[in-house]
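This report describes one protein chain for a reader who has not seen it before. It moves from single helices to the chain as a whole, and then to a pocket and a few chosen residues.

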Amino acid sequence: MVRWEPGTPERLQRAALELFATRGYEQTTATEIARSVGLTERTFFRHFTDKREVLFHGQHVLREAFLTGVESAPADASPIDVVACALRSASAFFTDERRPHSRTRQSVIDRNPALQERESHKLGSLAAAIAESLRARGVDELSATLAAKTGMIVFGTAFTLWIGEGEERSLADIADEVLRKLLELVGRTPPAGS
């Protein structure tokens, strides 16, 4: 067995995603994931609590990208303008090179209700973190909650379009377009830079 090789979590993630996509999530075990890259089940569980977490590892990086965008927004920005900054910041995480991985990951999630629930929980947690950051900027509770949840709707919609077959635009461009469309629907001018 190969041991203590650098990048073990990433190797396990790649192997798991490939196995989930070809064999199915339910049909794949943590042991099979570990063995496919020459590791033991014990090594797998040193890095992940269960096979589901392989798909959600790194969520903290995305959270930080959103919060960095909130922090970088001008002090006088409206809550929705702050959310637009957060969306642009998080979009940088999703490069063109990540698109094939994201497509495969989403196809695995779409075929499993428990994974869909976990993904929904992730988006809810991101919205809560953004709302908390907005409140720290002095935004009232209701406005912070609405802006943050709206941001997650925009993000989810933009992400779905971004992973669509044949799509080549950046996630940032798509998120700007989705937010612009939403603001048009409610009769508001889009934020500067959108």
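Helix 5 covers residues 59–72, and its 14 residues reach 20 Å from the first C-alpha to the last, close to the 20 Å expected at 1.5 Å a residue. The model in which this helix appears is a predicted one. Buried positions in helix 5 are Gln-59, Leu-62, Ala-65, Phe-66, Leu-67, Gly-69 and Val-70. These buried residues pack against helix 4 (51–56), helix 6, helix 8 (113–136) and helix 9 (141–162).

**The chain as a whole**

The chain holds 10 helices and 0 strands. Read from the N terminus, its elements run α-α-α-α-α-α-α-α-α-α. Its C-alpha atoms fill a box of roughly 60 × 35 × 30 Å along the principal axes. Of the 194 residues in the chain, 45% are buried. Among contacts between residues at least 6 apart in sequence, 62% join residues at least 24 apart.

The mean pLDDT of the chain is 93, and 94% of the residues reach 70 or more. Among the elements, helix 4 has the lowest mean pLDDT, at 93, and helix 9 has the highest, at 98.

**Helices 8 and 10**

The table sets out three helices with their lengths and spans.

| Helix | Residues in helix | End-to-end C-alpha span | Expected span |
|---|---|---|---|
| Helix 5 | 14 residues | 20 Å | 20 Å |
| Helix 8 | 24 residues | 35 Å | 34 Å |
| Helix 10 | 15 residues | 21 Å | 21 Å |

For helix 8, the end C-alpha atoms are 35 Å apart, which agrees with the 34 Å that 24 residues should span at 1.5 Å a residue. The buried residues of helix 8 are Leu-115, Arg-118, Glu-119, Lys-122, Leu-126, Ala-127, Ala-129, Ile-130, Ala-131, Ser-133 and Leu-134. They pack against helix 4, helix 5, helix 6, helix 7 and helix 9.

Helix 10 runs over residues 171–185. Leu-171, Ile-174, Ala-175, Asp-176, Val-178, Leu-179 and Leu-183 are its buried residues. The partners against which they pack are helix 6 and helix 9. After helix 10 comes Gly-187, whose phi is positive, near 75°.

**Two buried residues in helices 6 and 9**

Ser-91 belongs to helix 6, which spans residues 79–91. Ser-91 counts as buried because its relative accessibility is 4%, below the 20% cut-off. Leaving aside neighbours within four places in sequence, Ser-91 is in contact with Leu-171, Ala-172 and Ala-175. Of these partners, Leu-171 and Ala-175 are among the buried residues of helix 10.

Gly-151 is found in helix 9. With a relative accessibility of 1%, Gly-151 counts as buried. Not counting residues up to four places away in sequence, Gly-151 touches Val-83 and Leu-87. The C-alpha atoms of Gly-151 and Leu-123 are separated by 9.9 Å, although the two residues are 28 apart along the chain.

**The largest pocket**

The largest pocket has a volume of about 580 Å³. Its lining consists of 27 residues, and those nearest the centre of the pocket are Leu-55, Phe-93, Arg-98, His-101 and Arg-105. The lining divides into 11 nonpolar, 10 polar and 6 charged residues. At least two lining residues come from each of helix 1 (8–23), helix 4, helix 5, helix 7 (99–110), helix 8 and helix 9.

Where in the chain is Arg-98 placed? Arg-98 sits in the loop between helix 6 and helix 7. Its relative accessible area is 29%, so Arg-98 is partly exposed. Arg-98 touches Phe-93 and Trp-162, not counting residues up to four places away in sequence. Arg-98 and Ile-163 are 65 residues apart in sequence, while their C-alpha atoms are 9.7 Å apart in space.

**Gln-106**

Gln-106 has its place in helix 7. It counts as buried because its relative accessibility is 13%, and buried means under 20%. Beyond residues up to four places away in sequence, Gln-106 touches Glu-119, Phe-159 and Ile-163. Glu-119 is itself one of the buried residues of helix 8.

Terms used
Residues are numbered from 1 along each chain as its sequence is written. This is a predicted model: local features need pLDDT of at least 70, side-chain atom pairs count only at pLDDT 80 or more; totals for chains, interfaces and linings use all residues. Side-chain values use heavy atoms; hydrogens and water are left out. Helices (H or I, at least four residues) and strands (E, at least two) are DSSP runs, numbered from the N terminus. Buried means under 20% relative accessible area, exposed over 50%, partly exposed in between (1.4 Å probe, protein chains only). Contact means heavy atoms within 4.5 Å. The expected span of a helix is 1.5 Å times one less than its number of residues. On a 1 Å grid over the protein atoms alone, a cavity is a set of points where a 1.4 Å probe fits but cannot get out, and a pocket is an open set with protein on both sides within 12 Å along at least five of seven lines; lining residues have an atom within 4 Å of a point. Grid points are joined across faces, edges and corners, and a volume is the space filled by probe spheres set on the points. Ala, Val, Leu, Ile, Met, Phe, Trp, Tyr, Cys and Pro count as nonpolar, Asp, Glu, Lys and Arg as charged, and the others, Gly among them, as polar. pLDDT is the predictor's confidence in each residue, from 0 to 100.
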